[in-house]
Number of protein chains: 2
Amino acid sequence: MPWLDYLSNKIGSRLSGSEGADKGVQWCLEESKKFLTMLFLQEVMVPHWVRGEKEKAYYVVNGKKTEVNICALGGSIATPLSGLMANVVEVKNFDELKSLGTEKIKGKIVFYNRPMDVTRIHCFEAYGGAVNQRGGGALHAAKYGAVGVVVRSMTQEIDKYPHTGAMRYDDSIPRIPACAISTLEANELSALLKKDANVQFYFKQSCNTLPDKLSHNVIADLKGSEFPDEIILVGGHLDSWDLAQGAHDDGAGIVQSMEVLSLFRELNIKPKRTIRFVGFMNEENGVRGANKYAEVAKEKKDKHIAAIESDAGGFVPRGFFMEGDETKRNKIKSWAKLFEPYNLHSWDHVGSGTDVHPLGEQGAFLLGLSPDPQRYFDVHHSALDVFEMINRRELQLGAASMAALVYMIDKYGL
Amino acid sequence: MPWLDYLSNKIGSRLSGSEGADKGVQWCLEESKKFLTMLFLQEVMVPHWVRGEKEKAYYVVNGKKTEVNICALGGSIATPLSGLMANVVEVKNFDELKSLGTEKIKGKIVFYNRPMDVTRIHCFEAYGGAVNQRGGGALHAAKYGAVGVVVRSMTQEIDKYPHTGAMRYDDSIPRIPACAISTLEANELSALLKKDANVQFYFKQSCNTLPDKLSHNVIADLKGSEFPDEIILVGGHLDSWDLAQGAHDDGAGIVQSMEVLSLFRELNIKPKRTIRFVGFMNEENGVRGANKYAEVAKEKKDKHIAAIESDAGGFVPRGFFMEGDETKRNKIKSWAKLFEPYNLHSWDHVGSGTDVHPLGEQGAFLLGLSPDPQRYFDVHHSALDVFEMINRRELQLGAASMAALVYMIDKYGL
């Protein structure tokens, strides 16, 4: 908890290429040195996108302006200096966009307003069902001549906080600016559009992509006594979006992963295999750190027997996502009874984490800590992702769960 | 969520005998009338304890006063008007108190400082392991001539919020005033006492027990079509401690229970058995509402086949506590698979709820909603038990879980 307090409150946001990201890397290295001896930084070039001045947006109905809360999506281009004003076309998905076609879209701002499905108890499924609007919304809309894109924020909550996140362009399609609007104001805008199709929307953002910058993954080993070449990786990502402190995403995963190694030291457990902590850089907007790590691991023929990521928030743990070999999966599931006292019960969801994913093709069995998902998207990528949203016991229980699982994998292999 | 918003923010605290409690009863009745026709109020006389002026406390070391945060325990007598000042003896339990005896205790303030065990993942076990200091601390200390009692607050968190809760006297033993001190300040006081046994503690509280007052349980039925005499009860308690809004304890349980019946109406499910909502009065300091309800049920020979309480906070549900007949328990457990999509997995913890408990001896199978317990004692009985601590999705999931279970019990019987 003091770690996360420092990382959140003293360092704060850590978007790739930012001063905060550099500080995060240094802090992680220095703290890990206090209980580990084998540490190093792995160089990686990362994208360097900056938000610039605070965005501005409003809609105009009958000459009356109403300001709304937006934020530029990560990777977006700026609007013209004076901003961008146009009529709005609301769509729910790419099919609807396509059916409207160039005739209805050209010169307009496309407003993607398909909500996350609140009836999904597994909130990541709801996220998965909505997030293509954010990632691909601009490039799809630009195909039909749209001049900008406004995307409903990726949250099930109805409030005034815009949620940022990565979006992408395609070199063959013109780049148009893209922003997220808060869900409350998305609802208001949608209601207005039903009454008056001539609503005009204005937004101004001055974000920019600067040249790539040198950054680092942090790697720290607790060497195995019997099979030092067999690596059990545990990690999270050091970078975070710039609107808040990245306390849940993914400060929590970083400190929980560091805690796994720290607990082994504190309890004087000498692992048979090498337990490796990796603090990945640039999960949010490029995955360059993870790709670099996997590339080097492949060259060096590192043998990762398992790779566990914590990147779903510091909430009370429910179990583990898993993907890969069925036999290994069943071996881990055979330990489920031992985890019942930790209140863990969820072993059947497929998944792991963005950063460990590239290690799958090198034979690593992939896992992800699976915390309770109900509150995650309330804060995810928004100004609400701050330390105050963390509960100490929930965070600790996640770290303890990972440590227990690493202990079992170390003891019995996979 | 609008219900709980109203109950928390518009009505607020609802301690038995208070104006808030009366308003809570009326509100519950009026809201339930909107979707139910068979409602009534059941009269019950309740204790009427009032806190009076805000408490004051400090300790004195070398003539220097340091103020600390306390609150009177529910049911405590006042200190003398000018307050109470004495030396402090710290103990961890009643055995230690006994071994010190009258010689060491007489004329002193006894400071109970056994923390809740933070290593217990099931936090109610940690509560159970510490709460006898609060409930019985004053009467045990008075046996040895103590003049007052200061009890470490019942929370695993270390902060400045005192947590109130019920305590009891024994007619054969002199009554002495009892208060709770925040955990942070309990730690500070304990550290000071190790350096200087002459620390003096002062506290002043003006609480008072007034004559019993008339209050009510709220009862509302959704009549069964086939077996109207078989009652499935679902409920929580309308009263709450006075330091905050009682949002988790037990506003959440009240609105979740109302929601069960509301969902049946909304989905037009016609139950075979009678689904009954009960909003119990006076769970916190007397259990008079529950005892009255059970007494009348016995007289009327009401047949409760199951009674489910939600009184462990509005957090994400994990499963159900159960107690009673093993066959019925196993029947319910045989449905566990159906509840997995709700993320429910916990069916083995024994328990139910204080208000439904008296129905057990009349043959009702007893259950309690079992939400995740990690955050409950952070807010429980303190100024932090406010609406802002509620998460909409978690609250709703609890209500839906109860509704699903009631549906199954109605459909298949017990």
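# Exercises on a predicted two-chain model

A rotation of 180° with 0.0 Å of shift along its axis superposes chain A on chain B, with an RMSD of 0.0 Å. The model is predicted.

## Exercise 1: the relation between the copies

Task: state how the two copies are related, and find which C-alpha of chain A is nearest the axis.

Solution.
1. Two copies of a chain are in general related by a rotation about an axis and a shift along it.
2. Here the rotation is 180° and the shift 0.0 Å, so the two copies are related as by a two-fold rotation axis.
3. In chain A, the C-alpha of His345(A) is the nearest to this axis, at 3.4 Å.
4. Both copies use the same surface, since 100% of the contact residues of chain A recur in chain B.

## Exercise 2: the contact between the chains

Task: describe how many residues the contact takes from each chain, and which helix of chain A gives the most.

Solution.
1. Chain A supplies 15 residues to the contact, and chain B supplies 15 residues.
2. On the side of chain A that touches chain B, helix H12 (residues 392-412) of chain A gives the most, with three residues.
3. By class, this side of chain A has five nonpolar, five polar and five charged residues.

## Exercise 3: the domains of chain A

Task: give the bounds of the domains of chain A and describe the contact of domain 1 with domain 2.

Solution.
1. The domain assignment places 2-48 + 211-412 of chain A in domain 1 and 56-206 in domain 2.
2. Taken over C-alpha atoms, the centres of domain 1 and domain 2 of chain A are 33 Å apart.
3. Contact involves 14 residues of domain 1 and 18 residues of domain 2 of chain A.
4. The side of domain 1 that touches domain 2 holds seven nonpolar, five polar and two charged residues.

## Exercise 4: the eight-stranded sheet

Task: work out which strands stand at the edges of the open sheet of chain A, and why one side of each lacks a neighbour.

Solution.
1. The strand order in chain A is S3-S2-S9-S5-S6-S7-S8-S4, in an open sheet with mixed pairing.
2. Strand S3 (64-67) and strand S4 (70-72) of chain A are at the edges; each has a single partner strand, so one side of each has no neighbour in the sheet.
3. On average, neighbouring strands of this sheet are turned by 30° against each other, direction ignored.
4. Within the sheet, strand S6 (residues 109-112) and strand S7 (residues 148-152) of chain A pair in the parallel sense over four bridges, and Val110(A) stands opposite Val149(A) in S7(A).
5. Helix H3 (residues 94-105) of chain A lies across strand S5 (84-91) and S6 of chain A, at about 145° to S5(A).

## Exercise 5: helix H7 and backbone geometry

Task: characterise the crossing of H1(A) with H7(A), then locate the cis peptide bond from Asp249(A) to Asp250(A).

Solution.
1. The axes of helix H1 (residues 2-11) and helix H7 (residues 247-266) of chain A come within 9 Å and cross at roughly 140°; the crossing is right-handed.
2. Residues making the contact include Trp3(A) and Leu7(A) of H1(A) and Ile254(A) and Met258(A) of H7(A).
3. The contact residues divide into eight nonpolar, two polar and no charged.
4. The cis bond from Asp249(A) to Asp250(A) has omega near 5°, and Asp250(A) is found in helix H7 of chain A.
5. In chain B, a cis peptide bond joins Asp249(B) and Asp250(B), with omega about 5°.
6. Elsewhere in chain A, His381(A) has a positive phi near 65° in a residue other than glycine; His381(A) lies in the loop between helix H11 (376-379) and H12 of chain A.

Definitions and conventions
Residues numbered from 1 in each chain as written. Chains lettered and ligands numbered in written order. Predicted model: local features only at pLDDT ≥ 70, side-chain atom pairs only at ≥ 80, totals over all residues. Domains from an automatic or database assignment. Contact = placed C-beta atoms within 7 Å. Nonpolar A, V, L, I, M, F, W, Y, C, P; charged D, E, K, R; others polar. Pairing = 2+ DSSP bridges. Helix = DSSP H or I, 4+ residues; strand = E, 2+ residues; numbered from the N terminus. Axes fitted to C-alpha atoms, helices over the stretch in contact; angles between N-to-C directions. Left-handed = near helix turned anticlockwise from the far one by under 90°. Least-squares fit on C-alpha atoms with pLDDT ≥ 70 in both.
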